[in-house]
Every structure is written in structure tokens, then in C-alpha cells.
Amino acid sequence: MSASPAYSEEKGGSSSLGEPEYGHDPASGGIFSSDYKRHDDLKEMLDSNKDSLKLEAMKRIVAMIARGKNASDLFPAVVKNVACKNIEDPNQLIRASALRVLSSIRVPIIVPIMMLAIKEAASDMSPYVRKTAAHAIPKLYSLDSDQKDQLIEVIEKLLADKTTLVAGSVVMAFEEVCPERIDLIHKNYRKLCNLLIDVEEWGQVVIINMLTRYARTQFLSPNQNESLLEENPEKAFYGSDEEDSKDDKLDAASLVKRKPYVMDPDHRLLLRNTKPLLQSRNAAVVMAVAQLYFHLAPKAEVGVIAKALVRLLRSHSEVQWVVLQNVATMSIKRRGMFEPYLKSFYIRSTDPTQIKILKLEVLTNLANETNISTILREFQTYIRSMDKDFVAATIQAIGRCATNIGKVRDTCLNGLVQLLSNRDELVVAESVVVIKKLLQMQPSQHSEIIKHMAKLTDNIQVPMARASILWLIGEYCEHVPKIAPDVLRKMAKSFTGEEDIVKLQVINLAAKLYLTNSKQSKLLTQYVLNLAKYDQNYDIRDRARFIRQLIVPTEKSGALNKYAKKLFLAQKPAPILESSFKDRDHFQLGSLSHLLNAKAVGYQELPDWPDEAPDPSVRNVEVPEWTKCTSREKRKEKVEKPFYSDSEGESGPTESADSEPESVSESESESGSSSSESGSDSGSRGEESGDQSEEEEKKKKKKKKGKEGEEEEEQGKKGKKKKPQHEGKGGSETSWEEGSISESSSSESDSGSEAEESQSEPESKRRTTPPSSKPAPKASRKGTKEISLLDLDDFTPAPPQPASSPAIVSTSLVTDLEGLTLTDASLTPTMLSPVFSTVKTYELLHRMAGEGLSVEYYFNRQPFPPDPHMVAVQIQFSNNTESEVKNLRVSEPKLVSGMRIQEFQEIESLAPGDTANVIMGIDFCDSTQAANFQLCTHSRQFYVSIQPPVGELMAPVFMSENEFKKEQGKLTGMSEITEKLTLPDKCQSDHTIVQRVTAAANVSRVPCGVDNEYRFAAKTVTSGSLVLITLERKEGARAHLTVNSEKMVIGTMLVQDVSQALAQ
């Protein structure tokens, strides 16, 4: 008992100094000390302002836990100390991480602390912390739903946030916590629409899905006057026209009463701002926009989504499966939308079975009288497949086509009858089942087919098919009176060995024949019923007893005996073969419920369109419109100042390289052209910069007129640089920076207005433009104007582009730029033009194998003019014979899928001892696989192959140091390959290192401010993927080689090649 006083004395009167009294150490062995008092003391220590006391308390708590003592009631105090300090940390990442950890602790006792932390983070200066607060809201709500009202206040506050980083996360929180509170969206609707294109991809998906449901409650249906007319073709597709004729009169009358439809401007805003996202690289974003257009857009505008969805069919099989599920649903209501892309749904042998079956579904939905012959020819090929499930689905698809299109019913039926002689039993069985359904429509006309099927009972062993044949013969036994009894005789023999489903149909056949032809089948029927009476299956036994009482009249049989014929031989309606996706569109497309065709947990129903539009003024915001415009214009000025103003000369290339690529990368990350429709800032920035660069070009053209020779050109340029302020100190650097920026941004990031302006310029005018600022990129934009992710053609390959890709530096561009006086020697592009004396040549055909004809080739590292996506290969023919070689040409290329060859023009004649040089283009698809083809002369054929080194699959690009670092930062993780190596004595000078790297790979050097580091950049010729090489010299002869590329195979092989080149 004396342990406590002794302990407090030992500590020397801490209470007199206003500090809390220390609790008893649990390790000291005071067995009678009170737990609650000890924990109270520890709580006071944790609440103290002194870090030393808090640290001491934490040590004691850890000691308690180590001894197995219960310290759970101290949990909130510990969490508060750990979280609070970090939540107030000056580093935004630590503040966000602290909140993330705190919100992940699933203990109800810390709910108040979590709520305070979320409220504080929602007002944080950092958008990243506010985004984390939005993520924490659903976690807290799932932990304690009573906090809903307070959380809604936080959500309302965060919804007003104008940062794109926060928008997606807070809408996700809104969907989880209070999706019914649609009033919170009213004031933020237009802001969300305008921010949408700049939000991260997963945020875009959430916002689009939410806005789809919002629009269904706030706007009128754009198809309200067409909806009644729309229904008739649907009914005609699945039902009869006669049933619907009565409804048509009523529909026409109601159409007259409808008011003319005028689309709400906010409805149009949503459609306009989501349309550019159809070009997104993220399949989920494209799918979200597609479902929005399907559910909200006027019928005439829905067609724009078809091309985007067809593009997604080139993605992974999982993505294809989801997209095809949605296309199958859309193609029922909007058949015309996908008809131009019919061939995109043709089935490849490499497709998984589930993809094949979905494509079949779509093809069947798209079938009409115009294209049915093409589709049936395609189906004929599919029937030969080795995939049995797919073959069965194809036969069912043929049956559906025959049902829906009366014109080809007989053709399909004849085709299916021919399949009855197929060797594959499963094909025959499925054909029998489908024929049975088709014959129910016109049985009297097809008695020959029924006779043919009756003969198959000896061969077909599949129970379902045997049962179908027996049902057909029994149902239409009057059409085959001679064959039916004989079939029953055969089936009676094998009755005991048949499957249950077949036995039931044998009993039915016996009953029907007894009623229609009792003279021939009476004994057989009694025999079959006796066998069934003692069957092991009770269903069969019951059926036999029931039928015996029904058809064989006895004293005990009741009144039903009189109606036996009507019961068994009643007219049965023909089955309706329809799509399993017919009624799925009541689920929101793209949702899990739609995929499963069942309501999933958490699914929110898609609301019906309102009869009258709600008040649109609820979306009006109090801030005047002119305020927004001015702030936006100011923003534009701020963005453009570093690019054009004198500050570039003072701060060097760093600022200009950092400012513009941000907008470039933003527009690229959203996959797309920030078009003039989207209203995003990046689009408007692009337009203004385009206008200014054109004005500069015009000024420079005027100044250059009348001057000739290189000296006069240079004098003219110097004179021009004095006049504009923005071309002062760093004028030449500016031109390089601008060139590199415009080249690094792909054709997708060009705005529509820029492309139109460059097109309208005369061709001759564009050629005479002096090569300062942006002439080369402007000229190349003409060629790339109409290229987008959606411009895919299924039927013909895209025409070759006349201009080379803007990212690839051509010789002409290097020549044009030689006149510029560069301030930084490291930017000189001498390495870009290949030195042909050092180019490595490869043997294509040895003179012994070629019977005197020898062929060599090398990669000349020049753009291939007919197609910039091909690698140019220079081939040299040498005739070492004494006779003339004629008709040298390429024939029968055997290429890997996707690879292409642009053949050289035929060499008509090559005299003895002569040589000839030609250039051919090969698209290697960013792969080192060989291109195999035949080299033919007038008398011989030689099989040859060209295999490219990995370094020849790329083309150099200009890039600033800051841009290099920025792109390198994006290509980390699996996209980064590193290698340690030792440089030999021969390879120690800068010149030798650069020469060996550029010899191994077609790359250009990037300026670098560090002496011991070398940087190189290139893009792959086919896909335009960046390849960045960094060589860092360490102490002694050691070096560190890094290659960054999203093409991991290319990166790995390039590291090996460059390492070997440096080690020689």
C-alpha cells in the first residue's frame, strides 16, 4: 500500500509545479493500486502541453500492452495525440496521410475526433488535403450513420470548391452519403459541367454517372415527341404489326397535343462538355459518356458514341466484354447507330468464348433485310469453329435471324437442315432444337423436313435433340402418318436405356398416336405405358399413370377422357426467339446491375423523365457572369506571360519549359483535344497562343521580303529580334523551347481553331516562313488536324500522311534551323543527321546464295515520307554476274499481325557490275521481330528477312531539360530500367560517349546542366511512345544507365544495346 506515496515522493513534488501526478508504473508490482486512477493519470499526461510527459505516458502504455494489460480505454487519447500533431503539420502530404490513417481506424469511440479532423481538413488551404477529407466522409458515414447531418454540411462546403482535384472525390462522397439530396447539386451543376474535362479520370466517371441521374430529374425528355413513334419498330421486330395497329391511332392523337420541345441550355451544356471525353484513353470514362448520351441525348445525336465504343473493342478482353454487354442493349433500340460498324463485330479466332457469343448477339440485333446475306455468310464460317459453345450459339443466332426476317426463313431452314448431316453430334443436336422452333411457325409446308429428322433418331444420341425430334413427330403426326408409328416402334425397343427427358417425350408420342391412329399404335402404346409404369423415375411413373387414365377409356375414367384429344393436340403458339438483352435498358448502362441483369446492392434506379420541367432558376448562381469572364481572362494572361514576355530572357528556359508543358500534359491526360466546345482553359490557351504565333510569323515574313543569302537572312533575324520585347536576351532559346513544346504535345492537344487556321494558310506561304518560333509545328498541324482516337476505319487502312510526325526531327528542319544563332552550345542538333560513313550495314542476300546478286541494307534514320510511322530502310543491290538482272521487286511479304511494308518501286533492269539503291518503309509495330518477304527477279525468288536493332525503332525528338525531367517523372516504376556499368578507358570523353549512344540508338541529346550526366530522348516510330535515356557518371569509371519508357520490352533491350556499345 505504501508504493504510491513512495513513488510520488521520489518524483519530487511535481504537483506543486502544476504538473499532473504520475500514475503508478504497472511494472512495479503494486497489486492493490486502482486501475482507473492509473489510467486517469496517464490521460492527464497525454493531455499535457509538454512533449516529455506525453512521451513518458506513451512509453508506459507500450509497457502495459507488452505485459498483457488492457489499455483500450486510452485509445482515443493516444489517437488524438498521434493524429492532431500530424493534422497540423506544415507539410500537406503529412496532414493528408494523418487524416487518411485516422479515418481508416474502424473504432466508434474516435468518431468525434474523426469528425473534427474532417471539418478542419475541409477548410485546409491545400486541395490535396481537402480531397482526402472528401475520401474520409464515406468511411466515417459507414462507421456511424448518425453523423449524416454534419457530414452533409461538409459535403455542401466541399461541393462549392472550385478545384478539379476535389470535385470527383466530393461527388463520390455525395453519392455514398446523401444521393437523394439533389438540391445540393443545383448551384454547383454548371461548375461541375465546366470542370469535368479537367477532373481526374475516375472522378469524371463518378460525376458523369451522378449528372446522368440529375439530368433525368431536372430536364424534359429530348425524344418526347419521338418516343411514341419509336415504339412501333420495336414491336414489329419482336411482335406482330396487327397487335399494335390499334395503339397507333391513339399515339398519333397524343402527338398532336404535345408542345414543341426546346432543349434546356443546361441540358445542352452537359452534352457539349461530355462529348470531348469520348476520346479519353480511359475506357470507363468513354463508357460513362456513352451511357449518358444513350439516356439523355436526342435520338439524332446518340450516334456519336458508336465510334468511341467500337474503338474500345480493341482493348483487353475484360473491357470488350463490358462494352459488348452495353452495345448489345443499345443495338436493340438504336440499331442504325452501329450498322456502319458491322464488320467491327465480326468474330476473330482469338476471341474468348464469352466475347464471341456477345458479338453474335450484336450481329443478330443488327441483322436486317439489307445486310442479312453478309451476316449469314459470316455465320457459315463460324459453324466450322472448334469451340462447341460458340457453334451452338451461332445456330441459335441463325434461328433468331430466320424468326425476325421472314425473307430468309426458308434459306435459314434449309441451311440448318444441311447441318443435320454434320459429323459433329452437338451441331446436329442444336440444329434440331432450332429447326423445331422454326417449324412451329409453318408446319404444313415442311413435312419433308420432319420426315428427314425422323430418320435421325438412329444416329443422334444427345438427349435434348432426340426429345425435340420426338416432340415434333408427335405434334405433327398427322403430316407424317406412315413414319410416326415406326419411330414409336424403334423408341419402344430402346425405352429402358433412354434418358428421362427422352422417355417423357416417348410417352407423349405414344399418347398422341393412340388418339390419332389407334389402329396401328394401340399395342405399342400399352407396351410403352407398361414399361413406364415400373420405371425408376417417379416423374415417368406418374406421367404413365396419368396418361393411361386420360386416353384409355375405362369405367373409372372421368369426364376428362372426352377432351383428351383437345388437351394433347391443341394448337400451340410458335415460340418467340428474342434477345436476352431486350429489357435490360431499364438498368443504367455501365452499371453492375446492368451486367448482371439483376439489381445489385447500392444500385440507384435511373429516374423517369418528368412530365413538366422543374424550375431552371435553381441552378442560377448569385455571382455575376462578367466576374467569371474577367477572372478567366486574367488567368489566360498569367499563363501566357512567361511564354511570350521578357521574363523568359531573365529566368532562362526553366520557366518557359515548366509553364507550357503543364497545359500540354493536362490536355493529353484528358486524351484529348480541349475543344472549343468544352470551354476549358487549356483549349482557350491553345487558341490564343496559336493566334499570336501566326501574327509573329506574318511580321517576320514582311521583314524578310527582298533579302537574299544566308548573311542577309541572319541580319534580318537580328533586326527582328530587336523590335519585339519578348525576343530579347533569350530569343533563340525561345524558338527552341517553343519548338520542343509544340512537338512534345501530340496532335490530340491541338485545338480545332489552330488546325483550321493552319489549313487556311496558302501552301506556298507556309513554305517560305522563316524557321524561328513555331513554323515547323504549324506546318505539320495541317497533316494531323483530323487525326483523333475516334477516327478509326474498320474497312480501309488510314491513308498515309504526307507530312512527317511533328515529334520526329527531319533533315529539312535541321537544315532550316542551322541559320539560328544558339546561345547554348549543347542544343546544337548535329547528332540528328546521320553520318553515313559510320552507319552499320547488314547483309540481306549473300552473292553466293543470290547466284551473283548481293543485297545489303542499312537504316538511314531519315523519316519515310509516304508514312511517318514506318522505318526507312535503304537497300543496295549489286549485280556481280555477267548477265543483266531484271524485274527486281518485293513479293509475298509474310508479316506478323499489324506489321506493314511499303514496297520499293520495281527495278526493271540492273546491268552487270552495276549497283542500285532503293528505300522501302517497314512498320515494325515497335517490335524487333523480323519482316519476312520474297525478293524476286525475272527468274528467281529469294526468301529474305530484315530484323531491326531496337535502337532503329525510334526517332529523335527535341526536348528541354525541364520537360525531360517532367516526362521522366511520369515514367517510373515498371517503366524504368536501370543498369550499372564500367566505362572502358577509350570511352571516357564526352564526345565518345555521345557518339556511342547515338550509334546504338537513333536518339537526340537533351541539354543538361550537370557535367557528369548525359540525357537523350526519342519517340518510337509506330506508337510515338517516349524513350528517355540517362547516363550518369560516378566516381572512377563507374556509370549508371537508366532508360524510361512505357514500352518495357524496348526499354530492357535498349539498356542491353547501349551498355554493349559503351563497353566496347
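Author: A residue counts as buried when its relative accessible area is under 20%, and as exposed when that area is over 50%; anything in between is partly exposed. Keep in mind, too, that this is a predicted model.

Reader: Thanks! Is K131 buried or exposed?

Author: The relative accessibility of K131 is 14%. The cut-off for buried is under 20%. Because of that value, K131 counts as buried.

Reader: Which residue meets K131 in a salt bridge, please?

Author: The structure holds 32 salt bridges. In one of them, the side chain of K131 comes to 3.3 Å, N to O, from its partner. That partner is E200.

Reader: How many residues apart in sequence are the parts that K131 and E200 tie together?

Author: Helix α7 (residues 127-143) holds K131, while E200 sits in the loop between α11 and α12. The pair therefore ties together parts of the chain whose separation in sequence is 69 residues.

Reader: And is E200 buried, partly exposed or exposed?

Author: E200 has a relative accessible area of 28%. Partly exposed lies between the limits of under 20% for buried and over 50% for exposed. So E200 is partly exposed.

Reader: Let's turn to the rings. Is the aromatic pair of Y189 and Y214 stacked, tilted or edge-to-face?

Author: There are ten aromatic pairs in the structure. For Y189 and Y214, the centres are 5.1 Å apart and the planes meet at 25 degrees. Planes under 30 degrees apart count as stacked, so this pair is stacked.

Reader: Which helix holds Y214?

Author: The pair links distant parts of the chain, 25 residues apart. Y189 lies in helix α11 (residues 189-195). Y214 belongs to residues 201-218, which form helix α12.

Reader: Which residue joins Y189 and Y214 in a cluster of ring pairs?

Author: Y189 is buried, at 0% relative accessibility, and Y214 is buried as well, at 1%. Ring pairs link these two into a cluster with F219.

Reader: What lies over the face of Y189?

Author: The residue in question is 5.7 Å from the ring centre of Y189. It also takes part in a network of salt bridges with shared partners, alongside R190, D264 and D266. This residue is R619.

Reader: One last thing: how far apart are the closest N and O atoms of E1013 and R1015?

Author: Both E1013 and R1015 are buried. The two form a salt bridge, and their closest N and O atoms are separated by 2.7 Å.

Note on methods. Residues numbered from 1 in each chain as written. Predicted model: local features only at pLDDT ≥ 70, side-chain atom pairs only at ≥ 80, totals over all residues. Heavy atoms only, no water. Phe/Tyr/Trp six-rings, centres within 6.5 Å; stacked < 30°, edge-to-face > 60°. Helix = DSSP H or I, 4+ residues; strand = E, 2+ residues; numbered from the N terminus. Buried < 20%, exposed > 50% of the residue type's maximum accessible area, 1.4 Å probe, protein only. Lys NZ or Arg CZ within 6 Å of the ring centre and 35° of its normal. Salt bridge = Lys/Arg side-chain N within 4 Å of Asp/Glu carboxyl O.
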